[in-house]
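Hello,

Here is the structure I promised to pass on to you. Have a look at it first, and then read my notes below.

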Amino acid sequence: MSLKKESRTDVQFHLAALRGDCERLKQLLDTGKVHIDSRDRDGTTPLILSAAMGHTDCVKELLAQGADPTCCRTTGTSALFFAAQGGFLEAARALLDAGAPVDAPSVDGGTALFVSCQCGHLPVVEELIHRGADVNCAMKDGATPLFISSQNGHASVCSVLLAAGAAVDARRSDRATPLWIACQCGHAAVVRLLLAACADVDALRQDGASPLFKAAHKGHAAVVSELLRYRANRGLLPNGQSALHGAAMFGHVSCARLLLTGCDVTAALRLRNAAGLTPAQAAAAHGRHDILKYFDSLSKPLS
């Protein structure tokens, strides 16, 4: 897109939109010296600026005077995208009422629904879904609104998305699922919600790591507990490790205790990873002395 250099009046027009100065916007429009959709070097229009700042009065005034709700920046991001990102419900409603496309994507595939889910703006999420937003739209890397909500721990948003038909096991390009990313990030409430919605408890990322392995490796004991209720695999994984090895390598005693509860402790402690190491040996290799003491208290009969 080739953009002409902004005039001084254009700059004043954009500044008024940014500041939410509705009277100044009207004055500048009345001069006839500015175009309602004048753009800066990034393709940003006054409507986009007002929407991004949540200046609903300016958004409504600009729309009433003919601003194009479909205009996008060079990145493909629209006024609705920014209103949704900021959680500005009334501005988003005004734009939708004026014909802003609900699922218009940015160049990387992000939509208004995606960014509102990312930021946890539940009222905006509900409005966009009510207006027909695609709950299974995806970024270029395959991440969906449910994935990004799970990653950021927005359980209420996840619940709304699932009720609207979001695919619980939709995978990112690296094969990670919403459950996998929620486990890595330690969001136990989201994990509980996804498991109740029949998420695959053992869905592997492309490197062969499971949700349980990531939770144990990161030390998220509450998440490990949730996964074990659904009989997550405690054995060796395609990545050559077990969840117990993950806990051992990073010294997470609380996770190790959970992983050894209700299982064959002797077998678990003798399990060898791809490097031929038991959990205790893996812990020793990483200098995890606290977990070594714990293992030693369990394994003396094995020596």
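**What I found**

Let's start with Ser150, which sits in helix α9, a helix that covers residues 145-151. Please keep in mind that this is a predicted model. Is Ser150 buried or exposed? Its relative accessible area is 0%, and the cut-off for buried is under 20%, so Ser150 counts as buried. A polar atom of the Ser150 side chain lies 2.7 Å from the backbone oxygen of Leu146. Once neighbours within four places in sequence are set aside, the residues in contact with Ser150 are Cys158, Pro178, Ile181, Ala182, His187, Val190 and Leu194.

Leu194 from that list is a good place to go next. Under the same exclusion of neighbours within four places, Leu194 is in contact with Leu146, Ser150, Leu162, Val168, Pro178, Leu179, Ala182 and Ala199. Leu194 also belongs to the largest nonpolar core, which has 92 residues. The residues with the most contacts inside that core are Leu95, Leu128, Leu194, Leu227, Leu259 and Phe295.

**A mostly covered helix**

How many of the residues of helix α13 are buried? The helix runs over residues 211-218, and 7 of its 8 residues are buried. These are Pro211, Leu212, Phe213, Lys214, Ala215, Ala216 and His217; you will notice that Lys214 and His217 are among them. What do the buried residues of α13 pack against? Their partners are α11 (178-185), α14 (221-229), α15 (243-249) and α16 (253-260). After α13 comes Gly219, with a positive phi near 85 degrees.

**Positive phi outside glycine**

Two residues other than glycine also have a positive phi, and you may like to find them in the viewer. For Arg175, phi is near 80 degrees. Arg175 is located in the loop between α10 (155-163) and α11, and with a relative accessible area of 42% it is partly exposed. For Cys198, phi is near 75 degrees. Cys198 is placed in the loop between α12 (188-196) and α13. Which class does Cys198 fall into by accessibility? Its relative accessibility is 66%, so Cys198 counts as exposed, given that exposed means over 50%.

**A pair of helices**

Next, have a look at α5 (residues 79-86) and α7, whose axes come within 7 Å and cross at roughly 15 degrees. Angles under 35 degrees count as roughly parallel, and α5 and α7 are therefore roughly parallel to each other. The crossing of α5 past α7 is right-handed. On the α5 side, the contact is made by Leu80, Phe81, Ala84 and Gln85. On the α7 side, the residues are Ala112, Val115, Ser116 and Cys119.

**A proline in a loop**

Last on my list is Pro105, in the loop between α6 (89-97) and α7 (112-119). Pro105 is partly exposed, at a relative accessible area of 49%. Leaving out neighbours within four places in sequence, Pro105 is in contact with Gly76, Gly110 and Thr111. Thr75 is 30 residues away from Pro105 along the chain, and the C-alpha atoms of the two are separated by 9.6 Å.

Happy to go through any of this with you at the screen.

Best wishes

Technical notes: Residues numbered from 1 in each chain as written. Predicted model: local features only at pLDDT ≥ 70, side-chain atom pairs only at ≥ 80, totals over all residues. Heavy atoms only, no water. Helix = DSSP H or I, 4+ residues; strand = E, 2+ residues; numbered from the N terminus. Buried < 20%, exposed > 50% of the residue type's maximum accessible area, 1.4 Å probe, protein only. Polar contact = N/O pair within 3.5 Å; in protein donor to acceptor, adjacent residues only side chain to side chain. Contact = heavy atoms within 4.5 Å. Core = buried A, V, L, I, M, F, W, Y, C linked by side-chain atoms within 4.5 Å. Axes fitted to C-alpha atoms, helices over the stretch in contact; angles between N-to-C directions. Parallel < 35°, antiparallel > 145°, perpendicular 65-115°, else oblique. Left-handed = near helix turned anticlockwise from the far one by under 90°.
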